[in-house]
Amino acid sequence: MTDPNKPAEPAAEGDGAPPPATPAPADAPGPARDEPQRDPEPAAAAAREGTAPAARGGSGRGGLVILWLAVIVLAGALGFEWYDARARIASLRDDAASRAGEASAEARESAAAVKEMRAALRELQARVGAAETRLAETSGREAALDAMYQELARGRDDWLLGEAEQTLQIASQQLQLARNVSAALAALQTLDARLARADRPELAPLRAAVAADIERLKSAPSVDIGALTLRIDRLIEEVETLALRSEERPAAARAPAAPDAARWWERWAIAAWSELKSLVRVERVDASDPRLLAPEHAYFLRENLKLRLLHARVALIQGNEATFRSDVKQALELLTGYFDPREKAVAEAQAALAQLDAAALKVELPSLAESLGAARRLRQSRESR
């Protein structure tokens, strides 16, 4: 639409507007000359005013059509855009709704998964807490076990040293009191094997001292005190079975057999003579001083012999050679003087006592002071730590 107050612009070529009016020629027929001549300017202005509305009317209608066409096209384009936008919005809304549904389902699944994960996390935390508690308990037990092991290791070493010292003391007593080299050697060998199994470097000096004492005992002259003691014990048990001289019985003499053809009084005389000979016994005694003993004194004689043998046994264990030989000699005198030497048991007992009297008891035995000193030094060094 155009503004009516605005002067109409000249129409362009091609718009269908009529061309502008040309001035009339001078020789054209016109009004009479006697009419008063009018001013041409007002006439031109009137002509222009008459043609101007017509031109303005045609131009206004064409612009209005164009304008309506533009409005219709614009309205169609806007309607199409509105419809397309509405369809897109609906599609986007549906898509958003489906995606929102999917997102909601995923959110629910995620919430369920999160819930499960939280439950699993709580369970895992509980398990971790329990594991940490058990780990703490295990660590505490391990520390306690380590402390106990260290204490046990120290206690075992102390116990081993105590056992070694006690074994050495027993072996030394066997040497000094019983003079039993074999027993002392066996004790030292057992101790050396025990130290070898322990395999402790700090026990090396003790083991070296024990090995040196073992070599000295092997090279020392030995007296089998145990065998001599057993022989004396056997003699003490046999004393009750030895026959005394006073208990000797003569062999029964056989009465001469009477001849079958002898008369009765001859047989009676032979029997009477045999009875008379049995009443009197004549025996030859080779000993210059036969020691006869009443039957009631036989018990005390046997007990006295046992006491002599027991004293000899004690002296043998103590290493008192003088007392041992004195008791053996006195027991041999009692055995020779009061017991029947013709009996085999008496003869064997005399031979055994003679062997005991001839046995060499005075032997210089080595001492175990070196091993005992090494054990005591080790124990004192451990106690001072």
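These legends go with a few views of a predicted model.

**View 1. The whole chain, an all-helix affair with nine helices and zero strands.** Walk along the sequence and the pattern you get is α-α-α-α-α-α-α-α-α. The protein runs to 385 residues, and 22% of them count as buried. As for who touches whom, take the contacts between residues at least 6 apart in sequence: 79% of these join residues at least 24 apart.

**View 2. The surface of the protein, about 28,600 Å² of it exposed.** Carbon and sulfur atoms supply 57% of that area.

**View 3. Helices α7 and α8, with axes that come within 9 Å.** Here α7 covers residues 321-338 and α8 covers residues 344-358. Their axes cross at roughly 160 degrees. That angle is over 145 degrees, so α7 counts as roughly antiparallel to α8. The crossing of this pair is left-handed.

**View 4. Close-up of the side of α7 and the side of α8 that make the contact.** From α7 come Phe-324, Arg-325, Val-328, Lys-329, Ala-331, Leu-332, Leu-335 and Thr-336. Facing them, α8 brings Val-346, Ala-349, Gln-350, Leu-353, Leu-356, Asp-357 and Ala-358. Sorted by class, the contact has 10 nonpolar residues, plus two polar and three charged ones. Among the nonpolar residues in the contact are Phe-324 and Leu-332 of α7 and Leu-353 of α8. The charged ones are Arg-325 and Lys-329 on α7 and Asp-357 on α8, while Thr-336 of α7 and Gln-350 of α8 are the polar pair.

How values were computed:
Residues are numbered from 1 along each chain as its sequence is written. This is a predicted model: local features need pLDDT of at least 70, side-chain atom pairs count only at pLDDT 80 or more; totals for chains, interfaces and linings use all residues. Side-chain values use heavy atoms; hydrogens and water are left out. Axes are lines fitted to C-alpha atoms, for helices over the stretch in contact, and angles run from 0 to 180 degrees between N-to-C directions. Helices (H or I, at least four residues) and strands (E, at least two) are DSSP runs, numbered from the N terminus. Angles under 35 degrees count as roughly parallel, over 145 as roughly antiparallel, 65 to 115 as roughly perpendicular and the rest as oblique. A crossing is left-handed if the near helix is turned anticlockwise from the far one by less than a right angle, and right-handed if clockwise. Contact means heavy atoms within 4.5 Å. Buried means under 20% relative accessible area, exposed over 50%, partly exposed in between (1.4 Å probe, protein chains only). Accessible areas come from the Shrake-Rupley method with a 1.4 Å probe; for residues, only the protein chains shown count as cover.
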